[in-house]
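Trainee: Pick one part of this model and look at it closely with me. Then place it in its wider setting.

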Amino acid sequence: MLFNSLDFICWFLPASLILFFISAKISFNFAKLTLIASSLFFYSWWNPAYLYLIILSILTNFILANYISKSKNRLFLYVSIFINLGILGYYKYYNFFIDTINETSAFNIDTLKIILPLGISFFTFQQIAYHVDLYRNKSKKSSIIDFSLFVSFFPQLIAGPIVHNSEILPQLCNKTTFTFNSSKFISGLCLFSIGLFKKVIIADSIAIYSNCFFDSVINTNKIMFAESWFGTTAFALQIYFDFSGYSDMAIGLGLMFGILLPINFNSPYKAITIIEFWKRWHITLSRFLRDYIYIPLGGNRHGSLKKYLNLFITMILGGVWHGASWTFVLWGGIHGLYLIISHYVRSQTKRFNVKKSDYHNIILGRMSVYLMVTIAWVFFRAENFDIAQKIVQGMLGFNGIDLPRFLSLPSDVLLLNIVSENMIRFNGAFTMGIFNYQNIPILFISLIITYLFPNSNLWIEYKGEKKAISNLYHSAQFKSLNKRKCFWGGILFFISIKSLFDDTSSEFLYYNF
Amino acid sequence: MNTKFQTFLYFIAGSALGFLIWSYTLFSTEKNPCSEAVFNQHIIESKISILKQAKKNKIVVLSGSNALFGFNARTIEKELKIQTINCGIHAGFNLDFLLWLTNNYFTEGDIVIMPLEYNIYKQNGSKPSRSMVNIVHGYYPKYKEKLSFIERMKFNLTYSYKDFADLLYIKYNPAFDQKFIKKWFINNHGDIVNNRKSQQSDQHKLMLSKVNLNKVLTNGLDKSCQGFTRLKKFFHQANSKGVKVVGAYPNLCYWVDYENYPSFHETPKKIKSFFEEHAFGFVGKFKDSHFTNDYFFDTENHLNHEGVKIRTDNLILNLKALLKFDVKI
């Protein structure tokens with residue numbers, strides 16, 4: 001069941017909310033059990049056969065958590081990591097591993113028909129992190145009910161945010177969490193509406209262009225300059241609106257049930273360095289990679305060279321987490337290199353005292369981040385290296401640059417035209433027939449929303465950082481949204497819901513990871 | 001009133017206002033068609049005008065576009081000496097709407113052959129297709145009067161933003177001429193004639209070269225599907241008017257992959273037994289409706305000129321047998 005489906009919005013969500021608040025009136029634990037049941041039902045809707053997997057995963061991890069908590073024996077932690085990564089490895093990486101062996105050797109091992117269980121990367125990581133924290137004494141052992149709810153809570157189950165036990169488990173122990181709070185509910189509803197709007201109106205509209213582009217590349221020999229930038233920009237915007245829309249919906253749903261989830265996006269394309277980009281994009285994954293991979297590898301504790309190496313390894317693993325393919329490995333590697341360069345440049349700019357806040361630095365920074373990230377997205381989206389290579393060649397102008405006819409000037413006016421015979425042509429920007437000038441406005445509007453509009457967390461005044469979560473939660477400082485914002489939230493809700501009637505729901509991109 | 005409750009009311013008010021604006025703008029643009037509706041109305045108009053002028057004791061092939069691109073009514077008429085009309089319209093319209101458009105023109109002694117597309121049997125009235133919503137909004141708003149309030153609301157919400165923008169563009173752009181919207185040439189028997197293989201584009205060839213399995217044939221049908229219920233009602237009406245209804249299989253772009261699905265053979269059997277049980281009969285074998293992709297024109301439902309010839313000759317033989325003509329093989 002997708003958050004952006006009529007089944008979910010019209011039936012599952014209202015029914016689970018009503019059941020939850022009725023059971024909360026009866027008893028605190030009964031409310032949790034109801035929420036677990038709703039979450040498992042939600043999961044089984046996709047493929048009932050895999051319900052056993054998540055239940056088995058929860059039970060096994062709960063038993064292991066008991067042993068780790070009691071004995072503090074490192075062996076149990078290793079067993080936990082081995083089992084969790086073993087299951088993830090089997091479902092997500094087995095065929096990739098076999099394919100790689102077959103391609104690089106004379107072997108011909110059969111691959112298996114495996115369907116990747118939904119959300120496996122997310123709930124596996126959450127449970128490993130819980131065990132590590134128990135071992136490090138950073139977390140307390142919870143009851144089976146709390147643990148089950150922490151893992152299976154449906155708003156974050158399929159595609160995050162990757163919640164940390166210290167953010168959720170304390171909330172599950174506080175009885176006021178499940179008392180109906182109208183401020184939280186209405187904020188959640190508005191945030192859900194914004195997320196829905198981002199997904200069904202913006203991301204799905206742009207998806208038409210990006211899918212059309214990446215599908216056409218397979219049958220095209222030379223990708224031209226404008227088309228390649230147009231197609232990859234479409235994907236850069238699609239993945240941002242798709243995933244940030246999903247995260248908004250997840251956080252909004254959490255709020256409706258009274259549970260505060262951490263924010264996952266903070267206008268990443270507004271970052272002026274790649275370091276900042278990763279502090280704004282998929283924040284909870286970056287946090288996980290930092291706390292459970294980068295820091296255990298040594299972090300920045302053993303000099304610059306080791307730090308850069310650790311960064312690179314972390315980003316490669318981040319790439320592999322996204323999918324079992326060499327293109328994801330390369331995507332992670334590219335971002336690793338970007339981060340190394342970015343850290344090096346930062347150390348140099350500190351030395352020369354360059355001010356980050358200068359207006360032109362901000363513009364230059366944002367442009368460079370956009371260019372670097374968009375080029376890297378090619379490897380993330382392309383099915384294989386050949387396709388990625390074709391697109392990057394087009395983006396770098398290897399196949400010439402076609403410009404609109406109206407830019408053409410008499411040949412003796414511009415020096416540019418000396419080059420133009422081979423390199424720059426004035427045949428019209430879109431010569432491949434994939435796009436046309438009418439497609440430009442939607443991308444332009446999406447770019448304006450990305451760069452000039454406040455992000456949804458700011459709009460609903462939600463600060464989902466760890467400390468802010470506990471403050472908001474414990475002191476009930478959750479601000480009520482003003483009437484104007486609620487009104488706009490309602491309008492966005494209608495616009496998005498209406499769109500679901502005329503279109504079939506499309507999957508979120510991160511459902512595949 | 002509690003302030004927090006008021007904010008919730010504002011949210012509801014926002015949604016309600018959105019709904020009202022949408023409903024009003026849609027209501028005020030009724031009978032203004034978008035380009036897709038203009039295209040489909042051209043087909044409907046041609047068929048209805050032929051039906052209006054037709055005499056008694058005629059043969060009507062009624063279905064979606066698989067019949068439009070599946071049979072040649074002129075050849076059937078020539079062979080059987082019975083006036084024949086190709087009333088293939090569009091599979092995106094649901095059965096109820098197809099019958100609402102045509103049922104009044106069927107009179108005693110008529111034979112209605114229905115090679116309905118498999119998805120027509122499954123069609124869910126509560127979620128009308130985009131083509132159906134566009135045509136009803138642009139030309140037949142009266143059809144909505146027979147729908148319940150909820151169905152009407154769903155109908156209005158199904159009108160897409162894209163088509164709405166297109167509609168406004170057509171309505172308020174004085175330079176736009178509807179005549180420029182692509183139209184097919186349809187002869188006075190309702191047949192389409194510009195489906196020659198030579199007119200097939202590279203894009204169509206590429207599209208038809210990919211395996212595309214019909215979901216109804218792979219997933220199966222049960223007799224509770226809305227199409228069956230609506231058909232039973234039609235059979236009853238037809239019977240009382242003295243109209244004979246005959247079932248047939250639609251064209252199928254055959255891929256060997258179909259054989260992996262048990263419902264591929266079960267579904268056609270269900271359809272055949274349904275017609276044999278409730279209607280006048282059923283013509284044709286399932287295998288005879290199979291064609292390789294070479295015989296298709298632009299989509300996997302539309303046969304090219306050669307495909308139409310084979311299918312029409314086959315139907316003529318089957319009809320002769322059914323109507324107890326002197327069959328010479």
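Mentor: Start with a cut-off. A residue is buried if 20 or more other C-beta atoms lie within 10 Å of its own, and exposed if 12 or fewer do. Keep in mind that this is a predicted model.

The part to look at is helix H5 of chain B, residues 95-102. How many of its eight residues are buried? Six are, and the helix is mostly covered. Those six are Leu95(B), Asp96(B), Phe97(B), Leu98(B), Leu99(B) and Leu101(B). Read the names by class. Leu and Phe count as nonpolar, while Asp counts as charged. The buried set of H5(B) therefore holds a charged residue, Asp96(B), along with Phe97(B) and the leucines.

What do these residues pack against? Their partners are H2, strand S1 (59-63), helix H6 (118-122), helix H7 (130-138) and helix H12 (226-241), each of them in chain B. The list mixes helices with a strand. In sequence, it runs from H2 and S1 to H12 at 226-241.

Follow one of those partners. Helix H2 of chain B covers residues 35-53, and Val38(B) sits in it. Val38(B) has 21 other C-beta atoms within 10 Å, so this residue is buried too. Val38(B) also has a distant partner along the chain. Tyr139(B) is 101 residues away in sequence, yet the two C-alpha atoms are separated by 8.8 Å.

Now widen the view to all of chain B. The chain has 14 helices and seven strands. Its radius of gyration is 22 Å, close to the 20 Å that the globule rule gives for 329 residues, so chain B is as compact as a globular protein of that length. The C-alpha trace spans about 85 × 45 × 45 Å along the principal axes. Of the 329 residues, 38% count as buried. Take the contacts between residues at least 6 apart in sequence: 84% of them join residues at least 24 apart.

Chain B also meets chain A. In that interface, 23 residues of chain B are in contact with 21 residues of chain A. On the chain A side, the elements giving two or more residues are helix H9 (182-217) and helix H21 (483-502). H21(A) gives the most, with 14 residues. By class, the chain A side has 12 nonpolar, six polar and three charged residues.

Chain A itself has 21 helices and two strands. Buried residues account for 43% of its 513 residues. Again take contacts between residues at least 6 apart in sequence: in chain A, 74% join residues at least 24 apart.

Two helix pairs in chain A are worth a look. Two packed helices are described by the angle between their axes and the distance between the axes.

The pair H1 (residues 6-26) and H2 (residues 28-46) of chain A has axes that come within 7 Å and cross at roughly 160°. H1(A) and H2(A) are therefore roughly antiparallel. Their crossing is right-handed. H1(A) brings Phe12(A), Ser16(A), Leu19(A), Phe20(A), Ser23(A), Ala24(A) and Ile26(A). H2(A) meets them with Phe30(A), Ala31(A), Thr34(A), Leu35(A), Ser38(A) and Phe42(A). That contact has nine nonpolar and four polar residues, and no charged ones. The spacing along each helix has a simple background. An α-helix has 3.6 residues a turn, so residues three or four places apart point the same way.

The other pair is H6 (residues 144-152) and H8 (residues 165-173) of chain A. Here the axes come within 10 Å and cross at roughly 130°. That makes H6(A) oblique to H8(A). This crossing is right-handed as well. Asp146(A), Leu149(A) and Phe150(A) make the contact from H6(A). From H8(A) come Asn165(A), Ile168(A), Leu169(A), Leu172(A) and Cys173(A). By class there are six nonpolar, one polar and one charged.

Finish with two loop residues in chain A. Asn137(A) lies between helix H5 (120-135) and H6 of that chain. Its phi is near 65°, a positive value in a residue other than glycine. With 9 C-beta neighbours inside 10 Å, Asn137(A) counts as exposed. His282(A) lies in the loop between helix H11 (274-280) and helix H12 (283-297) of chain A. Phi of His282(A) is near 40°, again positive in a residue other than glycine. Is His282(A) buried or exposed? His282(A) is buried, because 22 other C-beta atoms lie within 10 Å.

Technical notes:
Residues numbered from 1 in each chain as written. Chains lettered and ligands numbered in written order. Predicted model: local features only at pLDDT ≥ 70, side-chain atom pairs only at ≥ 80, totals over all residues. Contact = placed C-beta atoms within 7 Å. Helix = DSSP H or I, 4+ residues; strand = E, 2+ residues; numbered from the N terminus. Axes fitted to C-alpha atoms, helices over the stretch in contact; angles between N-to-C directions. Parallel < 35°, antiparallel > 145°, perpendicular 65-115°, else oblique. Left-handed = near helix turned anticlockwise from the far one by under 90°. Rg over C-alpha atoms; globule rule 2.2 N^0.38 Å.
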